[in-house]
Amino acid sequence: MANDGFDGGFARICKMRSTVFSKYAEKSVTLIHKKAQQTLEIAEAALRKAEGKRQTIEANLALRRARTRVEAINAIS
């Protein structure tokens, strides 16, 4: 039998939305946290590279949004 990457569990498809349950699945909050953390790191790098007042202001705003997102996810997880 070929290994298709799906080892146990089941899937449900309803109205163009699929849900897969597997013993190897990560909590969605963990995945969301990883993405938020990556966004925060990108925002920090953008602020370091910012040139000029406008870029610095925009980078600071993006950094604030990213930090707030990470803090909110930490609060619910």
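The largest nonpolar core in this predicted model is made up of seven residues: Ala36, Leu40, Ala43, Leu63, Ala66, Val70 and Ile73. Two helices, H1 (28-49) and H2 (52-76), each supply at least two residues of this core. The greatest contribution comes from H2, which gives four residues.

One core member, Ala36, is in contact with Arg69, Val70 and Ile73, leaving aside neighbours within four places in sequence. Of these partners, Val70 and Ile73 also belong to the core.

**The protein as a whole**

The secondary structure consists of two helices and two strands. Read from the N terminus, the elements follow the order β-β-α-α. The protein has 77 residues, of which 10% are buried. Its exposed surface comes to about 6,900 Å², and carbon and sulfur atoms supply 56% of that area. Among contacts between residues at least 6 apart in sequence, 33% join residues at least 24 apart.

**Two residues in the helices**

Thr39 is part of helix H1, and Ala59 is part of helix H2. Is Ala59 buried or exposed? Ala59 counts as buried because its relative accessibility is 8%, which is under the 20% limit for that class. Thr39 has a relative accessibility of 29%, so Thr39 counts as partly exposed; that class lies between the 20% and 50% limits.

Not counting residues up to four places away in sequence, Ala59 touches Ala46, Leu47 and Ala50. With neighbours within four places again left aside, Thr39 is in contact with Ala66 and Arg69. Ala66 is also one of the residues of the nonpolar core, and Arg69 is also a contact of Ala36.

The table gives C-alpha to C-alpha distances for one pair involving each residue.

| Pair | Separation in sequence | C-alpha distance |
|---|---|---|
| Thr39 and Ala66 | 27 residues | 6.2 Å |
| Ala59 and Ile42 | 17 residues | 9.9 Å |

**An annotated region**

Which residues does the UniProt annotation "coiled-coil region" cover? According to the unreviewed UniProt entry, this annotation covers residues 33-60. In the model, the span 33-60 is 93% helix and 0% strand. The C-alpha atoms at the two ends of residues 33-60 lie 20 Å apart.

Note on methods: Residues are numbered from 1 along each chain as its sequence is written. This is a predicted model: local features need pLDDT of at least 70, side-chain atom pairs count only at pLDDT 80 or more; totals for chains, interfaces and linings use all residues. Side-chain values use heavy atoms; hydrogens and water are left out. A nonpolar core is a set of buried Ala, Val, Leu, Ile, Met, Phe, Trp, Tyr and Cys residues joined through side-chain atoms within 4.5 Å. Buried means under 20% relative accessible area, exposed over 50%, partly exposed in between (1.4 Å probe, protein chains only). Contact means heavy atoms within 4.5 Å. UniProt positions are given in the numbering used here, feature names are shortened, and annotations may be inferred rather than shown by experiment. Accessible areas come from the Shrake-Rupley method with a 1.4 Å probe; for residues, only the protein chains shown count as cover.
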